[in-house]
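This report goes through a model from its confidence scores to its symmetry, and then to one strand and one residue.

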2 protein chains.
Amino acid sequence: MSSPSTDRATPGREAEEVARIGLLGRGTVGGAFADLVADSAAEIEAAAGRPLELAGVLRRSEGDFEQILESSEIVVELIGGIDPARDYVLRALRAGRHVVTANKQLVARHGEELFETARENGVQLRFEAAVAGVVPVIRVIQESLAATEITKVFGIVNGTTNFILSEMAGTGASYAEALGRAQELGYAEADPSDDVGGADAAAKMAILARLAFHTDVALGDVSYEGITEIQPDDLAYAKELGLSLKLLGVAELIGEGISVRVFPCFLYRGHPLAPVEGPFNAVMVEAPSITEITMSGPGAGGVETATAVLGDVVSILAGEAPVHRLRRELGRVSEVSSSFYLHLEVADRPGVLARIADVLGRNEISVQSVVQRGLGDDARLVMVIHECAERRFESALAEIGELDFLRSPPRAIRVIEEEFV
Amino acid sequence: MSSPSTDRATPGREAEEVARIGLLGRGTVGGAFADLVADSAAEIEAAAGRPLELAGVLRRSEGDFEQILESSEIVVELIGGIDPARDYVLRALRAGRHVVTANKQLVARHGEELFETARENGVQLRFEAAVAGVVPVIRVIQESLAATEITKVFGIVNGTTNFILSEMAGTGASYAEALGRAQELGYAEADPSDDVGGADAAAKMAILARLAFHTDVALGDVSYEGITEIQPDDLAYAKELGLSLKLLGVAELIGEGISVRVFPCFLYRGHPLAPVEGPFNAVMVEAPSITEITMSGPGAGGVETATAVLGDVVSILAGEAPVHRLRRELGRVSEVSSSFYLHLEVADRPGVLARIADVLGRNEISVQSVVQRGLGDDARLVMVIHECAERRFESALAEIGELDFLRSPPRAIRVIEEEFV
């Protein structure tokens, strides 16, 4: 890691022990970040090689930027918006401080100026949290695929609109009703226009396009549509046709040019982005040499976004790739629980199901669904069993295997039955 | 970046300009890596800050390890297996060379020895390609989530078995038939027992568990089952129940212990891993502070695996986080093609569909599907249009908007109709 090139008098310089972080902004994400720093102290020290400490917090009503800057090695900007965030970030970079920001508008509008300033001052500017929350798309594009000729980056980069579309598709709600629900749950702001109109997704796609294609992409280069015109009808038909509706951002290389757009789009079932529901984000990256990589996860949320910020902070402190080091001893657990699919071929006579149900009941195992099919004198029973201790299930299975009406050994396969959040 | 701490006489030391790579092994992945280094020279230099050159290639029949080691700054091990790969990697680390390997058996069986040797010698050991091919799960766990308390890592980490299960589910083939098909296509080896029996997935899960939980995990700690007992029946019933069958690896923290297992498992439709088909891999990481991250992509393939290796090499050379730099100018493309969903409310009278079809035909637009519904005197037409130039579609839409039998403005939404590979 290169230390910030400041004079000897600043605490950031002498802090070979404690890494001091200046935190700008203490809203939802800033508060979650401060909590994470406190709660994950041991994990952070193990990963970064040094303990972390907040040198100061700047809020609207308190704190002095110059003072925080002087006492920090890394500045974390979580104010949002352009002013005064841009000025603070530029001053921090010029003072030789690494900067981590979650500010998509700032990076989308003033990226070139920020990158240039960071390069000139030999410091890092990281911004994983600015696009798709905790989904590690910035790191994967900038590091894993740094030397790969990416041809397309696309996905769901706005959680508000994905929640609204999921809600409309799932409940038949109108756009207005679904928006209201998103606002109740905190997934949409009081003035949702940046999200539902597509501008937020456009800013994120401008950032992704710039990183993927190594070319300057201005906000004005991104054409966008939102979801305000979507009718419940459209979603009802989509269901019939096996389609799901998403607000997609697409940045692609076409010949010697690029196209960066945001628009609502139907996806066929089986498309990797089709199962992405609720406030989740997902991004796909395509290149001839990788085929495609898909990444998904929560696109927003205080602690999720703060985790992405912390990942950037730790990477700056760790400097080089972490060489794996054991941190603890852990036991081996053999008593685990699972749901099961159970396939039985049995003689087709009265009382068979009752006998099996009795074995399951005595082992405290409950059945989620049963399908029975006649096969001449025999019958086939296929059951899905609710989650239970595997040890109990094995014991029930052994008992069932002994039943005289069984035509072949029972077959059991685990089932993951929890629904996607 | 810290240069390897070798004496001044070694070429690795003086190579501040060209970064010299010693390549061990030149099978499918090794050959693809050598090609990538040649074909992506400009991208690599832009990303790494220095050009890359193969200092030497060690094959079974040619090349001298000592000589390659002397002339290399980074050693890339793509021989596979334990002997002589372990000896070479240890000697390279001890000589102060960074090492990149794709060798899951080596990392799973001798991880602690390798990590310790790398730490002692102040060099990096990277192995993204050892688990899930180009899916960046190692980097995300070790870097993005370095300070995050991960509670569970699970997923599909063997492409051979996922291909076989997809084939059985899709075509009704028996296990033996699907295995034969996998062998024909090069997705399964002549002796497939490591893959189909679960041992390959178990080695990968041991690596993931070690990195996620920071504790020593031996191969013997992983219990595993394979897919050789799966019957076509199971898959047929699964389909009825809306389930898909995957060979899952699961590593989870349970209280103060861990459980690491590999087993075939049904997933409900809507589960993020359910749509992962064919030779793809996918891994989910869970932690309270991130909810979950899902990553998927090709789990094998020469060029895909070589791309993961190259990503590690470039990260070593770039040392710190890349500060974004523009590399080129690209035009803006406005003529793009899309598929569309088209929703029309029309008067229900003869000739309406013909008039619409005529407009589409004249604009060289072909229809994939039509659903027509009566609504009293009116009818609703919902069409899906095959991919066409958006400009042509817009012009057709304008014409349709003028038709006298239209009851409300036409509504169009883009559709992504390509199927998941």
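## Confidence

Chain A has a mean pLDDT of 90, with 93% of its residues at 70 or more. The model is a predicted one. For the complex, the predictor reports an ipTM of 0.88 and a pTM of 0.88.

Residues 1-15 of chain A keep a pLDDT under 50, and the model has 33 contacts beyond four places in sequence for them. Where pLDDT is low, the predicted coordinates should not be read in detail.

## Relation of the two chains

Two copies of a chain are related by a rotation about an axis and a shift along it. Here a turn of 180° and a shift of 0.0 Å along the axis lay chain A on chain B with an RMSD of 0.1 Å. The two copies are therefore related as by a two-fold rotation axis.

Met295(A) is the residue of chain A that comes closest to the rotation axis, its C-alpha being at 2.2 Å. Of the interface residues of chain A, 100% are also interface residues in chain B, so the copies meet through the same surface.

## Strand E6(A)

Is strand E6(A) enclosed or open, and why? Five of the five residues of E6(A) are buried, so the strand is largely enclosed by the rest of the structure.

E6(A) pairs with two strands of chain A, E8 and E10. The table gives each pairing.

| Partner strand | Residues | Sense | Bridges to E6(A) |
|---|---|---|---|
| E8(A) | 243-254 | antiparallel | four |
| E10(A) | 280-287 | antiparallel | five |

On the E8(A) side, Gly155(A) has Gly249(A) as its bridge partner. On the E10(A) side, Phe154(A) stands opposite Met284(A).

## Asn158(A)

Asn158(A) sits in the loop that runs between strand E6 (152-156) and helix H8 (159-171) of chain A. Is this residue buried or exposed? Asn158(A) counts as buried because its relative accessibility is 2%, under the 20% cut-off.

Which side chain does the side chain of Asn158(A) meet in a polar contact of 2.7 Å? The partner is the side chain of Asp195(A). In addition, a polar atom of the Asn158(A) side chain lies 3.2 Å from the backbone nitrogen of Thr160(A).

Beyond its neighbours within four places in sequence, Asn158(A) is in contact with Asp195(A), Asp200(A), Ala201(A), Lys204(A) and Asn281(A). Asp195(A) thus appears both in this contact list and as the partner in the 2.7 Å polar contact, because that contact joins two N or O atoms within 3.5 Å.

Terms used:
Residues are numbered from 1 along each chain as its sequence is written. Chains are lettered from A and ligands numbered from 1 in the order in which they are written. This is a predicted model: local features need pLDDT of at least 70, side-chain atom pairs count only at pLDDT 80 or more; totals for chains, interfaces and linings use all residues. Side-chain values use heavy atoms; hydrogens and water are left out. Buried means under 20% relative accessible area, exposed over 50%, partly exposed in between (1.4 Å probe, protein chains only). A polar contact is a pair of N or O atoms within 3.5 Å; within protein, one must be able to donate a hydrogen and the other to accept it, and residues adjacent in sequence count only if both atoms are side-chain atoms. Contact means heavy atoms within 4.5 Å. Copies are superposed by least squares on the C-alpha atoms of residues with pLDDT of at least 70 in both. Two strands pair if DSSP finds at least two bridges between them. pLDDT is the predictor's confidence in each residue, from 0 to 100.
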